[in-house]
Amino acid sequence: MTRKQKRLAVIAGGMSFILVAVLLVMFAFSQSVAYFFMPADLAKADVKPGTRIRLGGLVAEGSVKRGQGSTVSFTVTDGTGNVPVTYTGILPDLFREGQGVVTEGAFDAASHGFVADSVLAKHDENYMPKEVADRLKAQGVWNEGQGKQGQANQGKPGGAKGAVTQ
């Protein structure tokens, strides 16, 4: 083998190694993707049971029901659609009715309900995904400074933005 052939073999080996690494990373990302939906979007979308998605909106008033142990059921709404959610685990401190929430999980084939394995509670639209906050504001469901957190911060410099009260 000449020097030129050795150099080409090393370059070809390096390029093939990089190609395999890129393909493995792309495969890993495709397996961990969870598409984001709001309740109104689910009526139009064909989401198969077992497909992981993120469901965002507001916790409907009067919908939180505690089950046995740490099981909680509630309804996520965007003003147009409602989706019943079941979650087993410890809920975040900011979780309550009328507040923003993003859940991640899948629809159960047997019960046709959404079974969440993680729940993220949001205390205002600054921490809610932009498309959710914009759509809820357009529908008149979400107002700037809504909820106990926003009311406690009104009149203070910065309003509800970035301020945390307990």
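I started with strand β6 (residues 100-107), and it is mostly covered: 8 of its 8 residues are buried. Buried here means under 20% relative accessible area, exposed means over 50%, and partly exposed is in between, using a 1.4 Å probe and protein chains only. Strands are DSSP runs of E with at least two residues, helices are runs of H or I with at least four, and both are numbered from the N terminus.

Note to self on the source: this is a predicted model, where local features need pLDDT of at least 70 and side-chain atom pairs count only at pLDDT 80 or more, while totals for chains, interfaces and linings use all residues. Residues are numbered from 1 along each chain as its sequence is written, and side-chain values use heavy atoms, with hydrogens and water left out.

Next I looked for a partner of β6. Strand β2 (residues 53-59) runs antiparallel to β6, and 6 bridges join them; two strands pair if DSSP finds at least two bridges between them. I found R54 opposite E104 in β6.

Then I picked T103, which sits in β6. T103 counts as buried because its relative accessibility is 0%. Leaving out residues up to four places away in sequence, T103 touches nine-odd neighbours I jotted down, including I53, R54, F74 and V119; contact means heavy atoms within 4.5 Å.Correction: ignore my "nine-odd" tally and keep the names.

Last, helix α3 (residues 130-138): V132, A133 and L136 are buried there. They sit on the same side of α3 because they cover an arc of only 95° around the axis, taken from the directions from the helix axis to the C-beta atoms.
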